[in-house]
Amino acid sequence: YGRKYPKFAEAAASRHIRYNEALDFIEEHEQLGDVFVFRPKEPVDVARMELDKVKLDKLYHDGYRDAVERIEELKLFLQK
């Protein structure tokens, strides 16, 4: 891809930098109280293109549980 699509190759090679910048931006705005962030409480054990339905089902239910546990916190944030 590098010769035929040099901009794509460049973007792919530096995607980790943009990803880390995005995480820093989110963290900064979370600390300022500008955004409400949901994060998994437990490490996520799924691949980008995961096909294991058991793992995907667990991830879904973990996320749902985490959201239910924080719903009151989210309501307070939205009332600001």
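Helices, as counted here, are DSSP runs of H or I with at least four residues, and strands are runs of E with at least two, numbered from the N terminus. The exercises below concern a predicted model.

**Exercise 1. Determine how many helices and strands the protein has, and in what order the elements run.**

Solution. Step one is the count: the protein contains four helices and zero strands. Step two is the order, which from the N terminus reads α-α-α-α. Step three turns to the overall spread: the radius of gyration is 18 Å, well over the 12 Å given by the globule rule for 80 residues, so the protein is more spread out than a compact globule. The principal axes complete the description, with the C-alpha trace spanning about 50 × 35 × 15 Å.

**Exercise 2. State what share of the residues is buried and what supplies the exposed area.**

Solution. The cut-off comes first: a residue is buried under 20% relative accessible area and exposed over 50%, with partly exposed in between. By this criterion, buried residues account for 10% of the 80 residues in the protein. The exposed surface comes to about 7400 Å², of which carbon and sulfur atoms supply 61%. Contacts may be added to this picture: of those between residues at least 6 apart in sequence, 49% join residues at least 24 apart.

**Exercise 3. Describe the charged side chains and state how many salt bridges the structure holds.**

Solution. Begin with the charges: there are 15 positive and 17 negative side chains. The centres of these two sets are 8 Å apart. Next come the pairings, for which the structure holds eleven salt bridges. One of them joins the side chains of R39 and E30, at 2.8 Å from N to O. As for the accessibility of its partners, R39 is partly exposed because its relative accessibility is 44%, and E30 is likewise classed as partly exposed because its relative accessible area is 27%.

**Exercise 4. Identify which parts of the chain are linked by the pairs E42 with K58 and D45 with K55.**

Solution. Take E42 and K58 to start: their salt bridge has its closest N and O atoms 3.3 Å apart. This pair links distant parts of the chain, with E42 in the loop between α2 (15-31) and α3 (53-69) and K58 in helix α3, 16 residues apart. E42 has a relative accessible area of 40%, so E42 is partly exposed; K58, at 45%, also counts as partly exposed.

Now take D45 and K55, whose side chains meet in a salt bridge at 3.8 Å, N to O. Here too distant parts of the chain are linked: D45 is in the loop between α2 and α3, K55 is in helix α3, and ten residues separate them. D45 counts as exposed because its relative accessibility is 56%, whereas K55 at 32% is partly exposed.

**Exercise 5. Which residues are linked with D62 in a network of salt bridges, and is D62 buried or exposed?**

Solution. The first step lists the members of the network: K41, E42, K58, D62, R65, D66 and E69. The second step places D62, which lies in helix α3. The third step applies the cut-off of 20%, under which a residue is buried. D62 has a relative accessible area of 16%, so D62 is buried. A final step relates D62 to V37: the two are 25 residues apart along the chain, and their C-alpha atoms are separated by 15 Å.

Technical notes:
Residues are numbered from 1 along each chain as its sequence is written. This is a predicted model: local features need pLDDT of at least 70, side-chain atom pairs count only at pLDDT 80 or more; totals for chains, interfaces and linings use all residues. Side-chain values use heavy atoms; hydrogens and water are left out. The radius of gyration is taken over C-alpha atoms; the globule rule is 2.2 Å times the number of residues to the power 0.38. Buried means under 20% relative accessible area, exposed over 50%, partly exposed in between (1.4 Å probe, protein chains only). Contact means heavy atoms within 4.5 Å. Accessible areas come from the Shrake-Rupley method with a 1.4 Å probe; for residues, only the protein chains shown count as cover. Lys and Arg count as positive and Asp and Glu as negative; His and the chain ends are not counted. The place of a charge is taken as NZ of Lys, CZ of Arg, CG of Asp or CD of Glu. A salt bridge is a side-chain nitrogen of Lys or Arg within 4 Å of a carboxyl oxygen of Asp or Glu.
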